[in-house]
Amino acid sequence: MPGGNLEKIKDNVWKREQDGKRFSVKRYQSMSTIVKVREVHDLLKGASFSNIVPVVADDNPLLFVQPWLDGARAANFKKRVDRTDSLAVLHALHETAEQIDWHASPYLHPYPLIAKWENRIVRFREIRGMCEAYIGKGRVDEILFFARNALALVKKNYRTDKDCTLLHGDVVHHNMLRDEGGIIRLIDFDLACVGPAGTEIALWMHRVLPQIGYDVEFLFDEQPSLQKLDRTSKTLLLYPNELLREWLYLFTLSPASRERHAKQLIPFTESALSHWPKLWYDVERINI
Ligand SMILES: Nc1ncnc2c1ncn2[C@@H]1O[C@H](COP(=O)(O)OP(=O)(O)O)[C@@H](O)[C@H]1O
Ligand SMILES: [Mg+2]
């Protein structure tokens with residue numbers, strides 16, 4: 001347990017109050033991740049990248065301490081301003097490759113996209129019986145159909161030697177906090193890695209699309225920078241990433257939380273699957 005006056009946020013994260021100031025304190029299990037996270041912050045600070053939270057020194061090498069962002073709010077991808085600003089921050093993060101040779105860092109590994117997505121399909125197949133109890137065999141088959149076909153297309157074209165840079169690695173809304181001054185700050189670089197910028201932009205779109213009725217055309221119109229996205233990164237949109245992740249997550253929960261989560265996941269799945277054929281059509285059309 002870290003010292004000071006503590007309020008537990010999650011298993012590994014506390015809010016610490018000391019001398020009238022507040023800090024976030026995150027405890028790591030091993031040195032490998034925290035060393036990477038420190039290096040990423042050091043290098044980004046050196047490049048004057050301002051959309052992060054400063055790092056505060058601590059005696060315990062396994063504790064990562066930062067000033068608490070009072071009144072900060074997680075990005076809300078239903079809001080245009082949050083989509084626009086979070087995307088701009090991601091582009092700025094990726095553009096740091098102009099100043100920083102991220103590949104020279106021994107701590108940053110290539111983003112294992114294909115392995116991760118293959119593994120998700122394998123694990124989803126292992127739990128398919130349990131999923132069928134909630135959504136039926138037809139829906140499970142559909143998810144697998146889209147996942148396999150998308151992955152086959154991705155595998156044909158995916159290249160990791162172009163446009164590579166630092167990737168945050170976990171661009172979920174609660175790792176993008178808008179502070180009281182209105183600035184978006186990226187936190188939680190635990191999954192930082194190197195890879196193609198377009199991969200992370202597509203992963204951000206995976207998170208955003210469910211919030212805007214999977215209207216990919218609308219998003220490309222709203223965010224002109226997306227029009228520069230390469231063909232392969234657009235193909236990544238076809239993989240039902242959120243569905244696989246959420247169904248796998250469901251069966252890690254206790255029975256009570258599982259039922260609560262399932263109540264939301266079932267309509268989320270119905271909605272995603274009803275939009276997927278049109279999404280596929282739109283992505284192929286945009287790719288022409
Ligand atoms: N500096 C901070 N200021 C305000 N909230 C924070 C700060 N650091 C973490 N949090 C809150 O704690 C949550 C968990 O922290 P995070 O580092 O993302 O841990 P995890 O790896 O468990 O996701 C964040 O989503 C955010 O709500
Ligand atoms: Mg987090």
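Start by selecting Val25, which sits in strand E3. This is a predicted model, so read every stop on the tour as a computed feature. Val25 counts as buried, because 24 C-beta neighbours fall inside 10 Å and 20 or more are needed for that label. For a sense of scale, add Cys131 to your selection: Val25 and Cys131 are 106 residues apart in sequence, and their C-alpha atoms are 37 Å apart in space.

Next, go to the loop between strand E2 (13–18) and E3, where you will find Asp19. Is Asp19 buried or exposed? Asp19 is exposed, with 5 other C-beta atoms within 10 Å. Check its backbone too: phi is positive, at about 50 degrees, although Asp19 is not a glycine.

Now colour the two domains. The domain assignment of the protein gives domain 1 (5–67) and domain 2 (73–287). Their contact takes 13 residues from domain 1 and 18 residues from domain 2. On the side of domain 1 that touches domain 2, the residues divide into 9 nonpolar, 2 polar and 2 charged. If you place a marker at the C-alpha centre of domain 1 and another at that of domain 2, the two markers lie 26 Å apart.

Ligand 1 is the next stop. Where does ligand 1 lie with respect to domain 1 and domain 2? Both domains give residues to the shell around ligand 1, so the ligand lies between them. Show the 17 residues that surround ligand 1; the closest are Ser24, Gln66, Leu69, His174 and Asp188. Strand E1 (5–10) and strand E3 (21–27) each supply at least two residues of this shell. Colour the shell by class and you should see 8 nonpolar, 5 polar and 4 charged residues.

Stay with Asp188 for a moment. Asp188 lies in the loop between strand E8 (184–186) and E9. Like Asp19, Asp188 has a positive phi without being a glycine, here near 65 degrees. Asp188 is buried, with 20 other C-beta atoms within 10 Å.

Move on to helix H5 (residues 197–208). With a distance tool, you should find its end C-alpha atoms 17 Å apart; at 1.5 Å a residue, its 12 residues should span 16 Å, which agrees. H5 is mostly covered, with 10 of its 12 residues buried. Among the buried ones are Ile201, Leu203, Trp204, Met205 and Val208. To see what covers them, show the surrounding elements, including helix H2 (80–95), helix H3 (113–126), strand E6 (164–167), strand E9 (193–196), helix H6 (216–222) and helix H7 (231–235).

Two residues of H5 deserve a close-up. Met205 lies in this helix and is buried, with 25 other C-beta atoms within 10 Å. Leaving aside neighbours within four places in sequence, Met205 is in contact with Leu219 and Leu237. Lys228 is 23 residues from Met205 along the chain, and their C-alpha atoms are separated by 14 Å.

Then pick Trp204. Again leaving aside neighbours within four places in sequence, Trp204 is in contact with Leu87, Leu90 and Val171.

Finish with the largest nonpolar core, which has 58 residues. Which residues touch the most other members? They are Trp204 and Tyr239. Helix H4 (residues 128–157) provides the largest share of this core, 8 residues. Switch the domain colours back on to see that the core draws at least three residues from each of domain 1 and domain 2.

How values were computed:
Residues numbered from 1 in each chain as written. Chains lettered and ligands numbered in written order. Predicted model: local features only at pLDDT ≥ 70, side-chain atom pairs only at ≥ 80, totals over all residues. Core = buried A, V, L, I, M, F, W, Y, C linked by C-beta atoms within 7 Å. Helix = DSSP H or I, 4+ residues; strand = E, 2+ residues; numbered from the N terminus. Domains from an automatic or database assignment. Contact = placed C-beta atoms within 7 Å. Near = placed C-beta within 6 Å. Nonpolar A, V, L, I, M, F, W, Y, C, P; charged D, E, K, R; others polar. Expected span 1.5 Å × (residues − 1).
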